[in-house]
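Reader: I'm new to this one, so could you walk me through it?
Author: Sure, let's put it up and go piece by piece.

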Amino acid sequence: RVFLRAINQYADMLNKKFLDQANFELQLWNNYFHLAVAFLTQESLQLENFSSAKRAKILNKYGDMRRQIGFEIRDMWYNLGQHKIKFIPEMVGPILEMTLIPETELRKATIPIFFDMMQCESHYTGSFQRFENEIITKLDHEVEGGRGDEQYKVLFDKILLEHCRKHKYLAKSGETFVKLVVRLMERLLDYRTIMHDENKENRMSCTVNVL
């Protein structure tokens, strides 16, 4: 809780003094995002790993601090305005890590950041190629590391498709991208599940699918 308060004070200072064009400090903002994501993903806040009694006790006393800091990270991202492009693709990995936390409200609030990144890169370069490459690379790494689940896949698909279809220029390319990532996620989750399967043929067919 003390750390959360300190991070929020750091955020206030960034917004007040280091956001406008003349005083923008890329490194400070970078540090903020990495610090906040590291706080959110630390082991001691992963409530689903605790017994129900311990979880209830923590929620009762402190609430889910991951949700609090996650909403803050989202707001800070949108505050960046024209500076966002400076954080793509470097910030894709940390944001992905945050959205993979198994907390539904946090996921719903933060997955739309991906669409914002697509829109932002597309505005400056005419495509979102760097964003796409980065999310595919990082997703592979995260799912292999045990993160991600069926519910995440469904939310990712639903939220991003809704955003893309409303957008004049990203409707087609956005939909193709979302379908690609969802298919990849399906195969990665299958592969992770079957890794410990005794049947070599099953393992091999999953490997071929991923490739």
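Reader: Which helix holds Glu 162?
Author: Happy to start there, with two ground rules. This is a predicted model, where local features need pLDDT of at least 70, side-chain atom pairs count only at pLDDT 80 or more, and totals for chains, interfaces and linings use all residues. Residues are numbered from 1 along each chain as its sequence is written, and side-chain values use heavy atoms, with hydrogens and water left out. Helices here are DSSP runs (H or I, at least four residues; strands are E, at least two), numbered from the N terminus, and Glu 162 sits in helix α9.

Reader: Is Glu 162 buried, partly exposed or exposed?
Author: Buried means under 20% relative accessible area, exposed means over 50%, and partly exposed is in between (1.4 Å probe, protein chains only). Glu 162 has a relative accessibility of 39%, so it counts as partly exposed.

Reader: And where does Lys 153 stand, buried or exposed?
Author: Lys 153 also has its place in helix α9, which covers residues 150-166. Its relative accessible area is 10%, so Lys 153 is buried.

Reader: Which residues is Lys 153 in contact with, leaving aside its neighbours within four places in sequence?
Author: Contact means heavy atoms within 4.5 Å. With those neighbours set aside, the partners of Lys 153 are Val 182, Met 185 and Glu 186.

Reader: How far apart in space are Lys 153 and Val 181?
Author: Along the sequence, 28 residues separate Lys 153 and Val 181. In space, C-alpha to C-alpha, the distance between them is 9.0 Å.

Reader: What about Arg 183, how far is it from Gln 27?
Author: Arg 183 lies in helix α10, residues 171-194, and at 42% relative accessibility it counts as partly exposed. Arg 183 and Gln 27 are 156 residues apart along the chain, and their C-alpha atoms are separated by 35 Å.

Reader: How many of the residues of α5 are buried?
Author: The buried residues of α5 are Val 92, Gly 93, Pro 94, Ile 95, Leu 96, Met 98 and Thr 99. They pack against α2 (26-41), α4, α6 (104-110), α7 (112-125), α8 (129-144) and α9. The helix is largely enclosed by the rest of the structure, because the buried count is 7 of the 8.

Reader: Which residues are joined by a cis peptide bond?
Author: Most peptide bonds are trans. Here a cis one turns up with omega about 10 degrees, and one partner, Pro 89, is in the loop between α4 (65-79) and α5 (92-99). The bond joins Ile 88 and Pro 89.

Reader: How many helices and strands does the chain have?
Author: From the N terminus on, the elements run α-α-α-α-α-α-α-α-α-α-α. That makes 11 helices and 0 strands.

Reader: What is the radius of gyration of the chain?
Author: The globule rule (2.2 Å times the number of residues to the power 0.38, with the radius taken over C-alpha atoms) gives 17 Å for 211 residues. The chain comes close to that, so it is as compact as a globular protein of that length, with a radius of gyration of 18 Å.

Reader: How much of the chain counts as buried?
Author: The same cut-off for buried applies, under 20% relative accessible area. Of the 211 residues, the share that counts as buried is 43%.
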